[in-house]
Amino acid sequence: MTEAHIFLAVVLFFLTNWIGQHSAHVGYMQLSVLVKIDEAPAFNFIYRAFSPVAFITVVSAALYGVGADPVVKDIYLVVVYYFALRILFNVATGKSRLLNWGVQFAYVATSIPAAYYVYSNLIIYKQFLFPSPQDLGTAIWLAVAAYIYHTANSIRTSGERTKSRKRAYLDNRYQTYDRQYGEIIRENSETKQQQVLIMAVLIYEAFNRPRLYRLIENFLFHLGLAKTLGIMQVTTNVPISDEESVRLGSRKLINEHQAALLSLEAKKETPYSWAIRKEVIACYNRDQSYVDEVIGIYEQLIEMFAPEEKDDVGAECARHQESAKTSQETPNN
């Protein structure tokens with residue numbers, strides 16, 4: 001029944017991700033490029049470690065119900081396959097640098113033994129479907145566990161290690177993409193701030209669409225099922241390379257940047273850099289969480305690689321005005 005167990009592990013993988021994405025209101029911590037405080041450490045640990053155990057318990061009950069008893073045999077292996085799949089996924093998509101491997105090991109060391117214990121003591125015997133009178137005594141322990149959970153969930157862990165890990169990730173991505181696409185970005189931008197903004201979008205797009213995803217996307221494009229391609233996810237009607245997507249994406253961002261500056265100047269409003277950046281990013285992707293993430297990456301990259309450009313609004317406006325003046329004075333041939 002290995003195939004059935006692997007299939008259930010894949011279902012568990014997608015199910016836990018979907019539930020997690022819809023549990024942000026109770027403190028679920030999603031993988032992010034930015035440093036974020038874990039507001040509910042107990043919830044996150046319990047959810048990640050014990051959701052697989054709950055999953056195989058519910059599935060086992062359903063399988064018993066439809067007479068698929070053979071599939072239940074050794075069903076604890078679903079949890080083993082699930083964690084193997086999760087680790088392989090994060091490594092394959094380039095997100096391993098963002099993971100706290102100590103915590104990941106804790107999930108595995110807790111979840112797999114718990115799954116085997118539940119399997120060997122409960123699932124393997126069908127009686128676990130019918131609570132006995134003795135089970136009522138466990139209600140007291142459940143109440144105690146709920147109290148401990150509530151107390152532990154109030155603890156706030158230090159974010160220093162997370163900050164260091166994510167800073168190292170951004171440093172690695174910036175250096176890598178600068179070697180690969182830096183010349184293209186510099187050719188299509190006017191200022192250092194613009195270059196960093198393009199790099200922030202590039203890093204976040206690549207984070208969400210790693211190479212494995214893009215390979216699948218290229219295949220779907222030829223079937224007419226995808227419209228965006230390349231590392232910067234540019235909308236296109238023809239196949240393009242990652243290099244071309246960076247060129248097109250850079251031009252789009254710079255054009256939006258110039259349009260935003262001209263619009264504010266026409267309204268005689270002060271062109272604050274942070275407001276312009278938000279407007280430019282929103283033109284690339286209007287999702288608010290996307291805008292917030294890219295802004296956060298931009299600010300960290302500026303601090304790490306171009307601190308002299310931080311909040312340099314006046315210089316940015318002066319460069320733009322000088323560029324516009326030069327363009328107007330250039331005679332047409």
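This briefing covers the overall make-up of the chain, a surface patch on its first helix, and helix α4. The model is a predicted one. Its single listed chain total is 333 residues, of which 41% count as buried. The secondary structure comes to 13 helices and two strands.

**Whole chain**
- Among contacts in the chain with a separation of 6 or more, 69% are made by residues 24 or more positions apart.
- The chain exposes about 18,900 Å².
- Carbon and sulfur atoms supply 59% of that exposed area.

**Surface patch and helix α1**
- Phe7, Val11, Leu15 and Trp18 make a nonpolar surface patch of about 400 Å².
- Tryptophan 18, one of the residues of this patch, has its place in helix α1, which covers residues 2-21.

**Helix α4**
- Helix α4 runs over residues 77-92 and has 16 residues.
- From its first C-alpha to its last, α4 reaches 22 Å, close to the 22 Å expected at 1.5 Å a residue.
- The buried residues of α4 are Val78, Val79, Tyr82, Phe83, Arg86 and Asn90.
- These buried residues lie on the same side of α4, because they cover an arc of only 135 degrees around the axis.
- Buried here means under 20% relative accessible area, and the list for α4 includes Arg86 and Asn90 as well as Val78 and Phe83.

**After helix α4**
- Glycine 94 comes just after α4 and takes a positive phi of about 75 degrees.

Notes. Residues are numbered from 1 along each chain as its sequence is written. This is a predicted model: local features need pLDDT of at least 70, side-chain atom pairs count only at pLDDT 80 or more; totals for chains, interfaces and linings use all residues. Side-chain values use heavy atoms; hydrogens and water are left out. Patches are made of residues with over 30% relative accessible area and no salt bridge: like charges are joined within 9 Å, nonpolar side chains (Val, Leu, Ile, Met, Phe, Trp, Tyr) within 5 Å. Accessible areas come from the Shrake-Rupley method with a 1.4 Å probe; for residues, only the protein chains shown count as cover. A salt bridge is a side-chain nitrogen of Lys or Arg within 4 Å of a carboxyl oxygen of Asp or Glu. Helices (H or I, at least four residues) and strands (E, at least two) are DSSP runs, numbered from the N terminus. The expected span of a helix is 1.5 Å times one less than its number of residues. Buried means under 20% relative accessible area, exposed over 50%, partly exposed in between (1.4 Å probe, protein chains only). The arc is that of the directions from the helix axis to the C-beta atoms. Contact means heavy atoms within 4.5 Å.
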